[in-house]
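Colleague: I should like to learn how to read the contacts, the confidence values and the helices of a model. Please take me through them in turn.

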Amino acid sequence: MLNTPAWAPAAKGRAHGAAGFAILAVAALAFLTGCSGGTGQSVSTAVKDSSSAVATARIALRQDMEGKLTRAAASTTLDDELKEVHTSRSTVLKLSPASQEDRDLQKQALDVLDQCAAGFATARAALATSDGGSPSLSDGDKALAGAQDALKQLEGKVGDK
Amino acid sequence: MKRLLGVALGILTAIGGFVDIGDLVTNAVVGSRFGLSLVWVVVVGVVGIILFANMSGRVAAVSGRATFEVIRERLGPRAGLANLAASFLINLMTVTAEIGGVALALQLASSVYYLLWIPVAAVAVWLVIWRVRFSIMENVTGLLGLTLVIFAVAVFLLKPDWGSLAGQVLAPSVPQQETAWSYSYYAIALFGAAMTPYEVFFFSSGAVEEKWGVKDLAQSRINVLVGFPLGGLLSISIAICAALVLLPAGISVTSLSQVILPVAEGAGKLGLAFVLVGIVAATFGAALETTLSSGYTLAQFFGWSWGKFRRPAEAARFHLSMIVCLLVGIGVLATGVDPVLVTEYSVVFSAIALPLTYLPILIVANDPQYMHEHVNGRAVNALGMVYLVIILVASLAAIPLMIVTGAGS
């Protein structure tokens, strides 16, 4: 009942052309969507993403302390958010700032993102410590809270520019 | 009584099967960034998928043939090829995203790294497609997917300010920290998530698998008209949960682990268990549907023997093509690409390719040669034309918006 395909060679050629165009278009799209603005904008985005990651980690940690979240879900959440901070750090690290002001901003951002990563290390160690030893979950939360404050300050600074 | 049970089961599986990784991620992202100001898009998307699925289900029931077969025959191989290329590539992206979703949900349950779960999930999908009967496959995943109702329960447990929520829904506006461009981009993503083409191909091919006839049209209509809107409410619950817990904390959703936090906040560990079962079932069910849809589209276009109602040996190319799709999905995920990112792109590309799948179905549903007296009525056609315009606008605007917003970032 169903017709079998009867393509002409020209139609095949067009199909290949269309496929090539589609690949090119996707590559161009990936390039264009990956493009970003200057140092300030990149730092701003990195700080926002990291703030979101730290806030998520703090909620997961609090829920774990309150017995609302399983250890598996809490540690997965922390791993996911640490990855987000790493991505932000890598973005900032790869910037090529043109002015002294931008170089200072990059350095400040890297310091704050390092503080975030350290906060995550404490929080993850706290989750892995099941014998009530150190660091505790509240130590992890404190470390993340410190990182969150530093991010807020930097966010304000970037926003002022 | 048996018929009533059949209708109830159909509705329940339609609700449970409505949500997939695209709906989970996109609704959570939108809720965490835009609150409830984009709920209207879910409503538009649900009406669209009802219209779309209803037409393709009717085409299958009346003609006894799946939509893709009819499209190819009615519009010729060239139009069919454009349709095939668009649908198949998006299906492949969606297969990849759904398998990644299963793996991410299993990681949340076990803390075993998701990349290790990917081959397990893919083999499980293949085994179910190979061995399990179509109706059992559909009903079990659909019913287990109903546990996602926990999102709606969590909304009540979180004790929201209902007035404020209603205000956001009824007077939608672009939040201060967002731009009109990103608002429009996510509107299209949400629309694409609700109207994913694979759902329609699966629905119409499923009608052939289950040997629907004209007498089954009423039941199919009820499933769609009742099940899909309730599924849409589930989607909105996901957005509300994110708007209540994540938005005030300044969290933009980028991972599946963030999507479950509002449920844990409201319903604790029991809620967490429900949501994890629901996510695994929903993504696994959708992985089955998208894998099958990939096989359906290819087989129906090339005229291969297809269907789960046939033994695998009698539909060898159909089964082989699905195995290849699963292997491609595994290969893509093995590169370490983020499944959530794949999901975000897949819903937008769904919107981009939607005219290619929607228009042929609209044409065939109006062709008396295939549909006899069951062609679209005036009201359906009027709505169909309105949606054709919406779909075209969304499709044309998606790529420029993707570039302007840096894919929504």
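Colleague: How many residues of chain B are in contact with chain A?

Modeller: Two residues are in contact if their C-beta atoms, placed from the backbone, lie within 7 Å. By that criterion, 33 residues of chain B are in contact with 31 residues of chain A. The elements giving two or more residues to this side of chain B are α4 (67–110), α12 (256–302) and α16 (378–405); helices are DSSP runs of H or I with at least four residues, numbered from the N terminus. The most comes from α12(B), with ten residues.

This is a predicted model, in which local features need pLDDT of at least 70, side-chain atom pairs count only at pLDDT 80 or more, and totals for chains, interfaces and linings use all residues. Residues are numbered from 1 along each chain as its sequence is written, while chains are lettered from A and ligands numbered from 1 in the order in which they are written.

Colleague: Which elements of chain B have the lowest and the highest mean pLDDT?

Modeller: Where pLDDT (the predictor's confidence in each residue, from 0 to 100) is low, the predicted coordinates should not be read in detail. Helix α1 (residues 2–16) of chain B has the lowest mean, 71, and helix α7 (residues 150–157) of chain B the highest, 97. For chain B the mean is 90, with 98% of residues at 70 or more.

Colleague: Is α2(B) enclosed or open, and what follows this helix?

Modeller: A residue is buried if 20 or more other C-beta atoms lie within 10 Å of its own. Since 14 of the 14 residues of α2(B) are buried, this helix is largely enclosed by the rest of the structure. Just after α2(B), G35(B) adopts a positive phi of about 60°.

How values were computed. Buried ≥ 20, exposed ≤ 12 C-beta atoms within 10 Å, placed from the backbone.
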